[in-house]
Amino acid sequence: MNKGGSRTETVLGVCTLVTLVIAAFIGLNRSSGALSPHFHTLLPGADRYEKSGFETYRAFKQASGLPVGYIAVGDSDGFGGPLKVAVSVDPNGRVVNAIVVEHSETRSWFDRVMQSPLIESLKGKSYNDPFEIGSDVDAITGATYTTRALIQSVKEPSRRIARNELDLPAPDEEPTPILFGYPEIVLVLLLAVGTFGMKYASGKAKKRIRWLLMLSGMAVLGFMVNHPLTLVDINKFLMGYWPDVHYQLYWYLLTFGVLLIFLTTNRNVYCHSVCPFGAAQECLAVLGKAKSFQSKQYHGFFKWLRRSVVWLALLIALIFRNPGISSYEVYSTLFSLSGTNREVLFLTLVLLFSLFVKRPWCRYLCPVPAFEDYLRFVKKTGKKMVLGT
Amino acid sequence: MKSILNKQAFVASFVAVSTAFILVEIVGNILAVIF
C-alpha cells in the first residue's frame, strides 16, 4: 500500500477505536429498565410494594397486613447476553407471573420463545419443582440458550423468595457439570485439523481435507447446532458478556479458539475451512460453476463499505449494551430453515448470487473479515510502535 | 471486456441491495428495542 493510503488507514483505525470506546462509555452510563412499572402486571391483586432486599419486594393489599405476594428478579446468560426476569410468587411459593424486563437476544429468536407456551407453563410452578427441560418444562427447538436462561431466571428467584421470605425448605442448587458434548468435540476437531492438518497437507489431500472440514462444519455447526461465529459472539466478547462456562463452553471454544489461532498463526482457519455458511456458498458455487470475482474498480469501496457497516453495528451494540441488536447475518435463517419474510428474502438473494459468484457473502458482507483486517492493523501498528519504525 | 463490466455491475447491485437489507434490519432491531 502507498504511504498516503497507509496513513489514511491508520487515522481511520485510531478513529474507530476512539469512537468505540466512547460508545462503550455511553452504553455503560445508560440507565437500565426500572422494575416498578411491571409490579401491577406481576401481582394484579396488590396495591402497595415494599422493598425487602436487593431487587426483592413484598406486595400488600391495602387492608391486609400480611404480604399477598413477593416479587424478585432473576438473571441468567441467554444467547445474546444477560437475560433479566421479574418473577412474582404467592405466599405458598408458587410462581404467579414472570416478565422479561431486560434481554439482549436476537429479536427473531426472542419472539419465537415469547410466542411459545413457555412462560405460561412456568406459571403455577412451585419452588420445589425441578424446572428441568424435558422433565417438567418443554424445550423450544432452536432456542436452547434463551429457553434455558429464561427457566433459570424464574427458578432462582422463586426459590430465593421461598427460602428468605417464606422460610420454606427450597432445594439447593446442584453444581452443574460443564456441558461437553458432540458440538464441542466436533468444533475442537475442526479447528485443530484446520490449523495443523491444513498446514502440513498439500495438493489434492489439502483440498480433500478442506472439503471434509467444510461439510462437517456445515452439518454440525450449521444444521445441527446452528451456532456459527456471528457478530453477537464478537459483541459479547467485546462487552464482557462472557456466559457461564458450564452452559456455554461452546462459545468459549469458538470465540477464543478462532481468536487464538489467528493471533498465533496469523491465519483465519475458521473462514477458510470451518464456517458452515461459507461451506453452503461453496457447495452452490460448485453447482453453478461460479468463479471468484474481484472487482478492481470497486474493490476499495466494497472493503470500506463492509468495514463501515461493521463499525456502525458495533457502535449501536455498545451504546445499547445489547450484542444482538445489530446482528444482520443470515445464517440462522438457513440452518434453522425459518425466519421472517425479510430474512428469507435476503438469504435467498445471497444463495442465488452464490451460484454465479463464489462466496459473495464472505467476500463482500460478512463481518468476520472486517475484524480480521482490524486485528492485522492492530498487530502491525503495535509492532511498529514497539520497534519504533 | 463487456462481460467483466456486466459482472462488475452485477456485483455492485448485489452489494447495494444487501447493504440496504442490512441497514433496514439494524434500524428495525433498534426500533423494536426502543418502542
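How many helices and strands does chain B have? Chain B has one helix and zero strands. The model is predicted, and this briefing covers chain B together with two regions of chain A: the pairing of α8(A) with α16(A), and helix α11(A).

**Chain B**
- Of the 35 residues in chain B, 37% are buried.
- Chain B exposes an accessible surface of about 2000 Å², and carbon and sulfur atoms account for 78% of that area.

**Packing of α8(A) with α16(A)**
- Helix α8 (residues 231-239) of chain A packs with helix α16 (residues 367-387) of chain A at an angle of about 40°, and the two axes lie 10 Å apart.
- The arrangement of α8(A) relative to α16(A) is therefore oblique.
- On the α8(A) side, the contact is made by Leu231(A), Ile234(A) and Leu238(A), while α16(A) contributes Pro367(A), Val368(A) and Phe371(A).
- By class, the residues of this contact comprise six nonpolar, no polar and no charged.

**Helix α11(A)**
- Helix α11 (residues 276-288) of chain A has 13 residues, which at 1.5 Å a residue should span 18 Å; the end C-alpha atoms are 19 Å apart, so the two values agree.
- Buried positions in α11(A) are Pro276(A), Phe277(A), Gly278(A), Ala279(A), Ala280(A), Gln281(A), Glu282(A), Leu284(A) and Ala285(A).
- These buried residues of α11(A) pack against five helices of chain A, namely α7 (203-224), α10 (269-274), α13 (331-336), α14 (341-354) and α15 (360-365).
- Lys289(A), just after α11(A), adopts a positive phi of about 55°.

Notes:
Residues numbered from 1 in each chain as written. Chains lettered and ligands numbered in written order. Predicted model: local features only at pLDDT ≥ 70, side-chain atom pairs only at ≥ 80, totals over all residues. Heavy atoms only, no water. Axes fitted to C-alpha atoms, helices over the stretch in contact; angles between N-to-C directions. Helix = DSSP H or I, 4+ residues; strand = E, 2+ residues; numbered from the N terminus. Parallel < 35°, antiparallel > 145°, perpendicular 65-115°, else oblique. Contact = heavy atoms within 4.5 Å. Nonpolar A, V, L, I, M, F, W, Y, C, P; charged D, E, K, R; others polar. Expected span 1.5 Å × (residues − 1). Buried < 20%, exposed > 50% of the residue type's maximum accessible area, 1.4 Å probe, protein only. Areas by Shrake-Rupley, 256 points an atom, 1.4 Å probe, with all protein chains shown as cover.
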